[in-house]
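Please look through the structure shown here before you read my points, and keep it open beside them while you check each one.

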Amino acid sequence: TVRHGERIGFSYLVSQKYTGDDARVKVLRKSKTLEFKIKLNAHKRLIPAHIKGKPPSYYIVGGFVFTTVSVPYLRSEYEKDYEFDAPVKLLDKLLHAMAQSIDEQLVVVSQVLVADINIGYEELVNTQVLAFNGKPIKNLKSLANMVEACKKEYMKFDLDYDQTKNAKAATSDILAMHCIPSAMSDDLNESYCGVSTGNCGVIDGLSIREFLFSSLR
């Protein structure tokens, strides 16, 4: 029962409607009131809760295994505790990201099948693919089409991977581990600081090349 003079919250009106219902809305556009009849649909999440019994889609090139992320996929990768063990970036998208179009998917490098051509990428797991050769990808099919049509000498996959930030953060620890006093030579230090540290690439009588090799042995 609504008391006299009490307002009804807009959320109450929304809660009276269900997915698939029709709703009439009035829109003020260019000083004119327009009325529309629309069908209400649920938001499409970027990471779907199920894949309706279909086998998972995948695409392999150069040993890189690409697939799309869904709740069943996360459960198969991280078992029942996927909400805690899955990568934070994927969990954030699971909880908050909405698809911007009906066919948008979250594409990841699921794993890398070891081969000579992909040495160094073996530990890449469940990392989102953002673009191919500079072009954003919308779904797995668009990625496969672009790769298959590629005639360039090299293929470039843009990944959601904080490698630059992590590399810079780890530099000081790596220098300390290998007893290297500076991340750059004196001539580069001058470019950044305008001050020479002296010795011009010589440390205790050793050249930088000799010093680095002796430290790494």
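The numbered points below go through a strand pair and then the aromatic rings.

1. Please keep in mind throughout that this is a predicted model.

2. Strand E3, which covers residues 58-61, shows an alternation of its side chains: Tyr 59 and Val 61 point to one face and are buried, whereas Tyr 58 and Ile 60 point to the other face and are not buried.

3. Strand E3 runs antiparallel to strand E4, residues 64-68, and four bridges join the two. Within this pairing, Ile 60 has Val 65 of E4 standing opposite. The hairpin that E3 and E4 form has two residues between the strands, and there Gly 62 adopts a positive phi near 60°.

4. Turning to the aromatic rings, the count of pairs comes to six. For Phe 132 and Phe 157, the ring centres lie 5.1 Å apart and the planes meet at 50°, so this pair is classed as tilted, given that planes under 30 degrees apart would count as stacked and those over 60 as edge-to-face. The pair links distant parts of the chain, since Phe 132 belongs to strand E6 (residues 127-132) and Phe 157 to strand E8 (residues 157-159), 25 residues apart.

5. Is each partner of this pair buried or partly exposed? Phe 132 counts as buried because its relative accessibility is 3%, and the cut-off for buried is under 20%. Phe 157, with a relative accessible area of 22%, is partly exposed.

6. Finally, ring pairs link Phe 132 and Phe 157 into a cluster with Tyr 59, Phe 64, Phe 66 and Tyr 121; Tyr 59 is one of the buried residues of strand E3 described above.

Definitions and conventions:
Residues are numbered from 1 along each chain as its sequence is written. This is a predicted model: local features need pLDDT of at least 70, side-chain atom pairs count only at pLDDT 80 or more; totals for chains, interfaces and linings use all residues. Side-chain values use heavy atoms; hydrogens and water are left out. Buried means under 20% relative accessible area, exposed over 50%, partly exposed in between (1.4 Å probe, protein chains only). Two strands pair if DSSP finds at least two bridges between them. Rings of Phe, Tyr and Trp (its six-membered ring) pair if their centres lie within 6.5 Å; planes under 30 degrees apart count as stacked, over 60 as edge-to-face and the rest as tilted.
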